[in-house]
Amino acid sequence: MKKMSYIFITIGILTMLYPFFNNFYQSYWQQNLLNQVDIAESVIEDYQLLNEFFYEELDYFEEQEVDTIERMEEVVNNSSNLLGTIEIAKINLRLPILLGTSSSNLRKAAGHLSGTNFPGEIGNSVIAAHRGRKYGVLFNRLEELEAGDKIVITTKGEKHEYTIYLKKFVEPTDLSVLNRNSKDRILTLITCDPINNPTHRIIIHAKM
């Protein structure tokens with residue numbers, strides 16, 4: 001009987017401690033994935049400029065928004081700086097990705113942050129897009145994503161599939177979203193939150 005009592009007590013203690021160890025493990029794993037290496041000053045400058053673009057008035061999108069497929073066809077046919085496309089089946093998203101996160105790029109597509117790694121490469125590939133008031137526009141539904149959801153990036157006929165492992169809301173000045181290491185292929189999606197008068201950023205981290 002004493003042995004059974006000890007077994008039940010041990011099981012009870014382990015059950016209570018499981019959430020603590022699980023959270024510790026997840027935090028440790030995430031930190032290792034995003035172990036910071038040197039971030040070029042130019043990347044930081046472009047990221048800070050991107051934050052300014054996120055404060056643009058949304059009236060433009062109300063007046064100019066067209067169907068996603070039509071917008072993609074226009075960008076693909078007329079852009080010389082097309083990097084590829086991003087597809088997220090869960091939120092019915094398919095968008096062109098342009099090189100750079102200039103204001104003009106972000107008005108019609110997602111933009112790849114200059115100086116970050118390209119999709120499929122070891123490091124951190126950062127892609128940003130606006131949100132609009134219309135349902136489903138650009139990265140409008142990004143906050144619906146959860147760990148385990150899939151993201152497919154296609155560049156020059158090559159498909160790169162990523163699995164989301166972390167979603168978080170951060171201050172615009174948080175540079176940790178740019179972190180990378182020398183072994184993992186990380187994809188980071190960035191957009192503003194809330195849609196009106198954004199004060200924070202929605203960050204989606206995914207790994208190949």
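## Helix H2, the barrel and aspartate 193

In this predicted model, the buried residues of helix H2 are Val43, Ile44, Tyr47, Leu50, Asn51 and Phe53.

User: What covers the buried residues of H2?

Analyst: The cover includes helix H5 (103–106) and strand E4 (123–128), along with E7 and E8. H2 itself spans residues 41–53, and its 13 residues reach 19 Å from first C-alpha to last, close to the 18 Å expected at 1.5 Å a residue.

User: Happy with that. Where do E7 and E8 sit in the barrel order?

Analyst: Eight strands close the barrel as E1-E2-E3-E4-E7-E8-E6-E5, with mixed pairing. Neighbouring strands of this sheet are turned by 30 degrees against each other on average, direction ignored.

User: How do you know that E7 and E8 pair?

Analyst: Pairing takes at least two bridges, and strand E7 (residues 185–193) shares eight with strand E8 (residues 200–207), in the antiparallel sense. One of the residues involved is aspartate 193, whose bridge partner in E8 is histidine 200.

User: Why is aspartate 193 called buried?

Analyst: Good one to check! Buried means under 20% relative accessible area; aspartate 193 has 16%, so it counts as buried.

User: And what makes the pair of aspartate 193 and arginine 131 a polar contact?

Analyst: The cut-off for a pair of N or O atoms is 3.5 Å, with one able to donate a hydrogen and the other to accept it. The two side chains make their polar contact at 3.1 Å, within that cut-off. Beyond its neighbours within four places in sequence, aspartate 193 also has contacts including Glu143, Phe169 and Ile202.

How values were computed. Residues numbered from 1 in each chain as written. Predicted model: local features only at pLDDT ≥ 70, side-chain atom pairs only at ≥ 80, totals over all residues. Heavy atoms only, no water. Helix = DSSP H or I, 4+ residues; strand = E, 2+ residues; numbered from the N terminus. Axes fitted to C-alpha atoms, helices over the stretch in contact; angles between N-to-C directions. Buried < 20%, exposed > 50% of the residue type's maximum accessible area, 1.4 Å probe, protein only. Contact = heavy atoms within 4.5 Å. Expected span 1.5 Å × (residues − 1).
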